[in-house]
Amino acid sequence: MDSRIVPVGGTIGILGGGQLGRMMALAGRSMGLRTVVWDPAPGPAGEAADHALWRPYNDTEAFDAFVSLVDRITYEFENVDYDAAMRLAAVRPVFPPPELLRVSQHRLREKDTARRLGLSTTPYAALQTVDDVSRAVREVGLPAVVKTVQGGYDGKGQARASSLEEAVTAFHTLSAQGVLIYEKRVEFEREVSVVVARGENGHVVTYPPTENHHFNGILDYSLVPAAVPQTVEVELIRQAEALADGLKLVGVMALEFFVGRDGRVLFNEMAPRPHNSGHWTIEAAFPSQFAQHMRAVAGWTVSAPRLLAPSVMLNLLGDLFMEGLDRLPDVLTVPGAALHWYGKSEMRPGRKVGHVTVVADTVEEALDRARRVKALLGGGWNDGP
Ligand SMILES: Nc1ncnc2c1ncn2[C@@H]1O[C@H](COP(=O)(O)OP(=O)(O)O)[C@@H](O)[C@H]1O
Ligand SMILES: [Mg+2]
């Protein structure tokens, strides 16, 4: 297998056709990297890539076509087929290594791996049978969050429990989807994420911790720099670097953490790809998480990111645009606002269809501008900054 770095004009294959693939393709294109997207279903990456294959991952013709077109391969979300990634890895370099897919596709494996590599997590236990529930309640404690270990995202496949009865109910509600993880609920002060990049030569760089606010289980807005003390920031970055090194990351990965009221930093989950909470890096950092990812995947140098301005990123969900898009350009009347639209074919409630990033001289001003963006879009559609 040819492991030379990808030349300018070379091609990166992207498994997955969503907005992350779209933003990877756009970032790659500006550096002379071509892209080919492969996804069973058409998605917004298609418009930005040089070529798209909308075929199942077990389609052998699509496999051959994809391989013949690309120098190296990456993926834009962690639920792409692991077996397909492994088959591809036999003939082309796949970055991040498919092992990161295997780990991040399974919440128990993910937390076990994180602990083995020196990260801290909330106490947790596996639930295989209903008998495991009472033991978990006793040993891990209450209140708890019960989650499917596979396939969950945006808060889906989760239930909260404050008593043994509720935990049993959660088990019965979710167990048809396989093994569950029972986690002690964290009384966190803040949720933060860290985007970390690692090059093929082992050089690791991190973006400043980002503060995340969810609404209905979906990321609502992110702001940077996060309001965490220096000691917490140091620990967040230590844990992010330990995971990136331990897993031999090549590319960009994001880690989600809880920061407790006592300043404790607890790892929650990882995504071996650019992350929604890093979208602000397109305007407010150099290089963006997408450019950094493409650089690393191509075998090029990753560089220590520079934060250019405090910023707030707001997600735009399909709910907002069921009745038309007329108001959307109005957000650009707010100074420092940048609009990103993914061009999805369907505007479903809860579906991420775009985002707005605002930059400013201070976090307060960025938050103020983000509120103005929300008000222009009709406000009141969720919690908001
Ligand atoms: N153990 C926990 N304690 C407190 N809150 C939690 C816990 N696990 C999840 N949550 C909340 O639910 C959100 C979604 O859970 P997460 O594990 O990140 O799954 P996903 O983002 O894949 O849906 C988190 O961002 C957090 O707000
Ligand atoms: Mg999450």
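**A walk from the metal site to the ligand shell**

In this predicted model, Glu256 is buried, with a relative accessible area of 15%, a value that falls in this class because buried means under 20% relative accessible area. Glu269, at 21% relative accessibility, counts as partly exposed.

These two residues are introduced together for a reason that becomes clear at the metal. The magnesium ion, ligand 2, is coordinated by Glu256, which is listed twice through OE atoms, and by an OE atom of Glu269, at 1.9 to 2.8 Å. Glu256 belongs to strand β13, residues 251–260, while Glu269 belongs to strand β14, residues 265–271, so the pair ties together parts that are 13 residues apart in sequence.

From the metal the reader can turn to the other ligand. Ligand 1 is surrounded by 20 residues, of which the closest are Lys147, Gly155, Val186, Glu191 and Glu269; Glu269 is thus named both here and among the residues that coordinate the magnesium ion. By character, the residues of this shell divide into 5 nonpolar, 5 polar and 10 charged.

Several contacts can be followed atom by atom. A polar side-chain atom of Glu183 lies 3.0 Å from a nitrogen atom of ligand 1, whereas for Lys184 a polar backbone atom is 3.2 Å from a nitrogen atom of the ligand, and for Val186 a polar backbone atom is 2.8 Å from a nitrogen atom of the ligand. Taken alone, ligand 1 exposes 540 Å², and the protein buries 92% of that. The elements that give two or more residues to the shell are β6 (144–148), β7 (158–161), β8 (180–184), β9 (188–198), β13 and β14.

The wider layout of the chain places this shell in context. The protein is divided into domain 1 (11–94), domain 2 (123–184) and domain 3 (188–376). Domain 2 and domain 3 both give residues to the shell around ligand 1, so the ligand lies between them. As for domain 1, its C-alpha centre and that of domain 2 lie 35 Å apart.

One further element deserves a look, namely helix α5, which spans residues 107–116 and has as its buried residues Arg107, Leu108, Glu110, Lys111, Thr113 and Ala114. An α-helix has 3.6 residues a turn, so residues three or four places apart point the same way. After α5 comes Gly118, whose phi is positive, near 95 degrees.

Technical notes. Residues are numbered from 1 along each chain as its sequence is written. Chains are lettered from A and ligands numbered from 1 in the order in which they are written. This is a predicted model: local features need pLDDT of at least 70, side-chain atom pairs count only at pLDDT 80 or more; totals for chains, interfaces and linings use all residues. Side-chain values use heavy atoms; hydrogens and water are left out. Donors are N, O and S atoms within 2.8 Å of the metal (3.2 Å for Na, K and Ca); water is not among the atoms, so sites may look incomplete. Helices (H or I, at least four residues) and strands (E, at least two) are DSSP runs, numbered from the N terminus. Buried means under 20% relative accessible area, exposed over 50%, partly exposed in between (1.4 Å probe, protein chains only). Domain bounds come from an automatic or database domain assignment. A residue is near a molecule or strand if one of its heavy atoms lies within 4 Å of it. A polar contact is a pair of N or O atoms within 3.5 Å; within protein, one must be able to donate a hydrogen and the other to accept it, and residues adjacent in sequence count only if both atoms are side-chain atoms. Accessible areas come from the Shrake-Rupley method with a 1.4 Å probe; for residues, only the protein chains shown count as cover. Ala, Val, Leu, Ile, Met, Phe, Trp, Tyr, Cys and Pro count as nonpolar, Asp, Glu, Lys and Arg as charged, and the others, Gly among them, as polar.
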